[in-house]
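Grab a pencil and work through these exercises with the structure open beside you. Try each task before you read its solution.

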Amino acid sequence: MLIIDCPWCGPRQETEFGYGGQAHVAYPEDPYALDDAAWAEYLFYRDNPKGVHAERWVHSVGCRRWFNALRDTHTYDVLAVYRMGEPRPDVASPHTPQDSELVQSTVVPGTPESPAPGSTTSGTGNHP
């Protein structure tokens, strides 16, 4: 069970909360100037990262107040909660891969970038 720390009521089970979508999505400054594609972008398109994501939540069974939470979408850990109108905390996921942990792209055998089968490389990692 996911535990969410309401800024007003404290830690509660996720069943007491309602998900409100991505946080910090600003209403268009001039909604009458938007065409259909721009409205679709505003209404339907949201970020879907693997890692830290700012979300809106409402404590629907408790104080009924809205707040924002930073949640790691990979592990479901709630990293921070903050009230509406407060700035987003600078929190990095402990599970975000570092540069040294990122997977390098693989070269398919037989392509110009890969060595021929049976050949050796210098071991420096540089390609011609």
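Below are some ground rules, then six exercises with worked solutions.

**Ground rules**

This is a predicted model, so local features need pLDDT of at least 70 and side-chain atom pairs count only at pLDDT 80 or more, while totals for chains, interfaces and linings use all residues. Residues are numbered from 1 along each chain as its sequence is written, and side-chain values use heavy atoms, with hydrogens and water left out.

**Exercise 1. Lay out the fold of the protein chain from the N terminus on.**

Step 1: Know what counts as an element. Helices (H or I, at least four residues) and strands (E, at least two) are DSSP runs, numbered from the N terminus.

Step 2: Tally them. There is one helix, and there are six strands.

Step 3: Put them in order, which gives β-β-β-α-β-β-β.

Step 4: Check the burial. Buried means under 20% relative accessible area, exposed over 50%, and partly exposed in between (1.4 Å probe, protein chains only). On that scale, 23% of the 128 residues count as buried.

**Exercise 2. Work out which side chains of β1 are buried and which are not.**

Step 1: Find strand β1 at residues 3–6 and follow its alternating side chains.

Step 2: Sort them by face. Ile 4 and Cys 6 share one face and are buried, while Ile 3 and Asp 5 point to the other and are not.

Step 3: Look for the partner strand. Two strands pair if DSSP finds at least two bridges between them. Here β1 and β2 (residues 10–13) run antiparallel, with four bridges joining them.

Step 4: Add the details. The hairpin from β1 to β2 goes through three residues, and Asp 5 sits opposite Pro 11 of β2.

**Exercise 3. How many residues of β4 are buried, and which strands are joined to it?**

Step 1: Count the burial. Six of the seven β4 residues are buried, so the strand is largely enclosed by the rest of the structure.

Step 2: Take β3 (residues 18–22), which runs antiparallel to β4 and is joined to it by three bridges. In that pairing, Gln 22 has Glu 55 as its bridge partner.

Step 3: Now take β5 (residues 66–72), also antiparallel to β4, with seven bridges between the two. Trp 57 stands opposite Phe 67 of β5.

**Exercise 4. Find the two salt bridges of the structure.**

Step 1: Set the criterion: a side-chain nitrogen of Lys or Arg within 4 Å of a carboxyl oxygen of Asp or Glu. As background, side chains of opposite charge can pair when their charged atoms come close.

Step 2: Pick out Arg 12 and Glu 16, whose side chains meet at 3.9 Å, N to O. Arg 12 is partly exposed at 29% relative accessible area, and Glu 16 is partly exposed at 23%.

Step 3: Pick out Glu 55 and Arg 71, at 2.7 Å, N to O. Glu 55 belongs to β4 and Arg 71 to β5, so this pair ties together parts that are 16 residues apart in sequence.

Step 4: Check the cover on that second pair. Glu 55 is buried at 0% relative accessibility, and Arg 71 is buried at 12%.

**Exercise 5. Which value does phi take at Arg 64 and at Tyr 76?**

Step 1: Recall the background: most residues other than glycine have a negative phi.

Step 2: Read off Arg 64, where phi is near 65°, a positive value. Arg 64 lies in the loop between β4 and β5 and is exposed at 65% relative accessibility.

Step 3: Read off Tyr 76, where phi is near 70°, again a positive value. Tyr 76 lies in the loop between β5 and β6 and is exposed, with a relative accessible area of 51%.

**Exercise 6. Where does pLDDT stay under 50?**

Step 1: Start with the scale. pLDDT is the predictor's confidence in each residue, from 0 to 100.

Step 2: Take the chain as a whole. The average is 82, and 72% of the residues score at least 70.

Step 3: Locate the stretch. Residues 99–107 stay under 50, and the model has four contacts for them beyond four places in sequence. A contact here means heavy atoms within 4.5 Å.
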